[in-house]
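Hi there,

Here is the structure I promised to pass on. Have a look at it first, and then read on for what I found.

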Amino acid sequence: MNNPKTLWRPDETFIEQSNMMRFMKTANQRHHLSLSNYSQLWQWSVDHIADFWGLFWEFADIVASKPYKNVVSDPLKMPGAKWFTGAELNFAENLLRYRDERTALIFQGEGQSRQSCSYSQLYDEVSRMAQALKAAGVTTGDRVAGFMPNMPQAIIAMLAAVSLGAIWSSSSPDFGIKGVLDRFGQIGPKVLFTADGYYYNGKTFNSLERVGGILRQLPMVEKVVVVGYTTAEPALGKVPNAVSWESFVAPYAPAEIDFVQVPAEHPLYVMYSSGTTGKPKCMVQSHAGILTNQLKEHLLHCDLRRDDVLFYFTTCGWMMWNWMVCGLGVGATLVLYDGSPFYPGPEVLWKLAEQVGMTIFGTSARYISALDEAGYRPGSDCNLEKLRMVCSTGSPLSVSGFEYAYRKIKADMQLASISGGTDLNGCFALGTPFLPVHAGELQGPGLGLNVQAFNDAGEPVLDETGELVCTAAFPSMPVYFWNDPDGERYRKAYFTKYPGVWTHGDFISINSRTRGITIYGRSDATLNPGGVRIGTADIYTALETLEEVADSVVVGQKWNDDVRVVLFVTLAKGLDLDEALVKKIKTTIRDACSPRHVPAKVIQVQEIPYTINMKKVELAVRNVIHGDPVTNRDALANPNCLEQYEGLAELDQ
């Protein structure tokens, strides 16, 4: 654990020219410090939270019509700390500070011609849409929702709504009707943006029929604005209160945007929990909180600049869409892709990276694993000379995933495995230009976030597994949950295990030597055989060395007043599970992990369940094998596969 392999190390020039170095020098000068490395900078940022965030506000040149009177009321009060009190600003104004001819957005839809727009054009389109929304009656505090592909119109609609002080919330069009209603039905949007359809894996999907079904149960929606994406003129007859995008903005010419100035903690986004164990939680996040935290991650941790070309493979239903969009506040070029990352082949995103000169390529750990399984070598197939960083999130990236990236993508780049969540619309642990990359580890905790691993006694530990906690407040915490007037759901979500401490629900360890962080999976999915807690990620990492195992999911089954480990596997094409392979799987896990990790049962299945955002769904499998309901199957990409886990005779013996 203490001596992971070093895969990349920044040189002195890289460190010296980074935004983080510039920020550290500013902190040293302003506060009479002598900080010289990341560990010292992070420690100062969590020991002096108000000083850190106040200095970053200035460093990021936050645009505000009224300054804050106080950075934070009480950083140890969770929940309840108040951020940037007295300030008035607008998130959209900060993202539209540039109005020049540099490229703001590049959009590539699957199988479609590429489009782009400049910062000047983006401002003008947001202006027209803001005028149209205002004329439609949208005002401060109204909810505006997007059921949209990852396309420029989604960003334009969000910025226009937010410029008016309205609250934005979005979902991707591959969500089922129930999944959308479980989200938008709770917040009651006044306006809904959608497209007529989308493309995925060589097929065209019609969204308007689904939108009609959604609207029948959302009577509060007064206007539906439809983008013609898969057809030139969408048939709107069966969609109540529908108007085409072009018709909606036609009466309005570009003009100066009147950005409504709102208090720092005014709602910006409503984000949703995954909803795999019940109706999704609606997390309300603020203008100043999201702006400062996401700009911190872009400017300092990703070293983002105007010359960068930033890409993240995401949908509008994943927080990485919101995270990526904030890159506009730095003036970078954002690359949007909508479609399958493997159609017509595994090269599709890397060819795009070559053609547009991506400098930062963001994706999921599952995608990197799938590239490896496919035997694809992006670095050999494409010219990636401009690529300097790959970000990976969504689930823990295994050691073999790290090694694949440096062998087959690019040796001279920074691989930033990042981890946080929708709850904070950002990262608890991520990359830094100051530190080397070690296989299997996230480089370090985020600046301004006092991240620790707590044992069951609530004590911070190093080189041991524990709960990921944050012991002090941070700006992008939800200001509240929707329809939670007494704050009880909010408190129960994060603050019951260790009162006054944010408990995130991840199982981690912090390396005392490197200070790198290893994620072992969700703590609510942690296995507990014989009372010993073990993380599922260890088992997945071990199985990646076996060519016979294509994918897997591991859960704990209640058995004889204890818990036993049950492993479900999908196998390489043409293989069936036999005693020899079961023995090989168990031996591999024992050798790589420990005897406690060895599954009591190994069972072959045809498919592993994932959320729409490609996160493995251990809890749903655990519920099914215990006969408990899976209450929100619409959150899954492949819910029908759960049937193969029901009533298995092997689990009765």
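Let me start with one strand pair: β6, covering residues 103–109, runs antiparallel to β7, and four bridges link the two. Within this pairing, Leu-105 has Cys-117 of β7 as its bridge partner. Please keep in mind that this is a predicted model.

The pair belongs to an open sheet of seven strands with mixed pairing, and the order across the sheet is β7-β6-β19-β18-β20-β21-β22. At the edges sit β7 (115–118) and β22 (414–417), each of which pairs on one side only. On average, neighbouring strands in this sheet are turned by 15° against each other, direction ignored. A helix also packs on the sheet: α13, residues 348–356, touches β6, β18 (309–312), β19 (333–338) and β20 (360–364). The direction of α13 makes about 155° with that of β19.

The other spot I looked at is Asn-623, which lies in helix α20 (residues 618–625). Is Asn-623 buried or exposed? Its relative accessibility is 17%, and because the cut-off for buried is under 20%, Asn-623 counts as buried.

What does Asn-623 touch, leaving aside residues up to four places away in sequence? The contacts are Asp-628, Pro-629 and Val-630. With Pro-629 there is a polar contact as well: the side chain of Asn-623 reaches the backbone oxygen of Pro-629 at 3.2 Å. Finally, Glu-646 is 23 residues from Asn-623 in sequence, and their C-alpha atoms are 9.7 Å apart in space.

Happy browsing, and best wishes!

Technical notes: Residues are numbered from 1 along each chain as its sequence is written. This is a predicted model: local features need pLDDT of at least 70, side-chain atom pairs count only at pLDDT 80 or more; totals for chains, interfaces and linings use all residues. Side-chain values use heavy atoms; hydrogens and water are left out. Two strands pair if DSSP finds at least two bridges between them. Axes are lines fitted to C-alpha atoms, for helices over the stretch in contact, and angles run from 0 to 180 degrees between N-to-C directions. Contact means heavy atoms within 4.5 Å. Buried means under 20% relative accessible area, exposed over 50%, partly exposed in between (1.4 Å probe, protein chains only). A polar contact is a pair of N or O atoms within 3.5 Å; within protein, one must be able to donate a hydrogen and the other to accept it, and residues adjacent in sequence count only if both atoms are side-chain atoms.
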